[in-house]
Amino acid sequence: MKSTTSLHIVRRYGLVGGMENYVWELTHALHELGQTVYVVCEQCLSSLKCDINVIEMGAIKPRPRWLSMLRFSRRVTRAVARIVESSNLDAMVIHSHERTAVHDVTTFHGPLILDRRESWADKISPRIIAWEHLEKRELAAKNVRCVIPNSIAVSKQLKQAYPQIAHLVIDPMHPGVDPGLSNIQSRSTGKTVGFMGREWKRKGLDFACEIVAELRKIDPEIQFIIAGCAESEIKHLFKHGSGGVEISGWIAPQDFFARIDLLIHPARNEPFGMVIAEANAAGIPVVISNHCGISSMIGEAQGKVLPLDERNEWGATCYNYLNRPPAKRPKITPLSLSWVALAKSHIKLYTRILKDKAI
């Protein structure tokens with residue numbers, strides 16, 4: 001396998017979220033395959049497992065987010081210039097996972113700002129103007145040689161919103177999962193639904209709460225565990241009572257999946273859905289919306305994909321699963337997504353880009 005040098009750009013480097021986990025696992029897998037890896041970030045938030053060259057620039061005030069992103073981009077430009085100059089690393093692929101200006105490759109984790117519901121005020125909103133500029137520059141600047149979508153859905157959205165870069169958009173590179181998830185020993189009650197997600201509005205937690213509330217009217221033994229978001233942010237969703245609901249905040253995926261029997265993910269816009277892939281690896285069925293990027297990979301052997309307007313079907317599907325005896329529940333077929341396979345695909349891409357840059 002050829003040796004490459006890549007520099008990855010991410011604001012928070014660590015196991016702290018879906019996109020961040022992707023970057024963490026990808027860079028570690030690349031290093032394990034003998035590649036030279038640099039990371040430029042604001043802060044490294046997890047303990048490194050190997051000798052990756054991490055350059056921390058320091059935290060930036062997070063709000064307003066669009067202004068914070070502009071400041072981050074400017075810092076990245078200066079930091080990358082220093083690294084290239086001091087290390088004599090012309091033969092390097094710069095790979096961004098953020099809205100930056102100096103990359104050869106960007107992985108687009110979505111969602112698109114152009115895919116939002118527009119309003120009359122957008123044309124004078126500094127926030128929208130900044131985000132549109134950042135997104136267009138990330139995807140369509142002259143320095144961009146390749147755009148990597150993380151799902152088929154994101155690929156289609158990119159080509160529709162930015163037809164001028166359709167030739168740069170390659171086949172999706174799906175995230176991997178922790179192989180240890182397949183060894184989880186269940187500690188569930190047999191009737192526990194789980195939801196995990198920090199951006200709970202986009203991921204449809206309010207919808208999930210309504211479905212579970214209806215299920216509990218029929219079967220009060222059904223429990224609901226919500227992970228990834230703070231109780232203070234979502235307590236208004238339970239103004240009529242929170243019986244049978246546990247809001248756990250941040251929880252390790254291994255602990256979360258050990259305690260649930262079914263994952264519900266009624267997202268309104270989910271570019272991929274790593275928690276869905278992780279649930280699958282843990283042998284847990286999923287009931288998800290057709291707005292999840294991973295939905296094209298989910299069949300009867302993994303769970304069920306449903307439109308959001310078929311509310312009754314959501315309840316019936318969840319109820320039918322939870323009320324089957326464990327011995328009669330179908331065995332879940334794993335998708336077998338691997339971080340090593342993802343890293344190998346990146347090495348092939350980097351090799352091609354380095355060859356093109358040398359011409």
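The sulfur of cysteine 41 lies 5.8 Å from the closest cysteine sulfur, that of cysteine 44, which is too far for a bond; a disulfide is a pair of cysteine sulfur atoms within 2.5 Å. Cysteine 44 is likewise in no disulfide, and the structure holds 0 disulfides. Cysteine 41 counts as buried because its relative accessibility is 0%, whereas cysteine 44, at 22%, counts as partly exposed. Here buried means under 20% relative accessible area, exposed over 50%, and partly exposed in between, with a 1.4 Å probe and protein chains only.

This is a predicted model, in which local features need pLDDT of at least 70 and side-chain atom pairs count only at pLDDT 80 or more, while totals for chains, interfaces and linings use all residues. Residues are numbered from 1 along each chain as its sequence is written, and side-chain values use heavy atoms, with hydrogens and water left out.

The helices and strands named below are DSSP runs numbered from the N terminus (helices H or I, at least four residues; strands E, at least two). Helix α1 (residues 18–32) packs against helix α10 (residues 339–358) at an angle of about 75°, their axes being 9 Å apart. Axes are lines fitted to C-alpha atoms, for helices over the stretch in contact, and angles run from 0 to 180 degrees between N-to-C directions. The two helices are therefore roughly perpendicular, a class that covers 65 to 115 degrees, with under 35 as roughly parallel, over 145 as roughly antiparallel and the rest as oblique. Contact means heavy atoms within 4.5 Å. On the α1 side the contact includes Tyr22, Leu26 and Leu30, and on the α10 side Trp339, Ile347 and Tyr350 are among the residues met. The residues of this contact divide into 10 nonpolar, 2 polar and 1 charged; Ala, Val, Leu, Ile, Met, Phe, Trp, Tyr, Cys and Pro count as nonpolar, Asp, Glu, Lys and Arg as charged, and the others, Gly among them, as polar.

An open sheet of 6 strands follows the order β11-β10-β9-β12-β13-β14, with parallel pairing. Two strands pair if DSSP finds at least two bridges between them. At the edges, β11 (245–249) and β14 (303–306) each pair on one side only, and the twist averages 20° from one strand to the next. Within the sheet, 5 bridges join the parallel strands β9 (residues 192–196) and β10 (residues 223–227); valine 193 has phenylalanine 224 in β10 as its bridge partner.

Helix α9 (residues 311–322) packs on the sheet, touching β9, β12, β13 and β14, and its direction makes about 170° with that of β12. Helix α8 (residues 274–281) lies across β9, β12 (262–265) and β13 (286–289), running at about 165° to β12.
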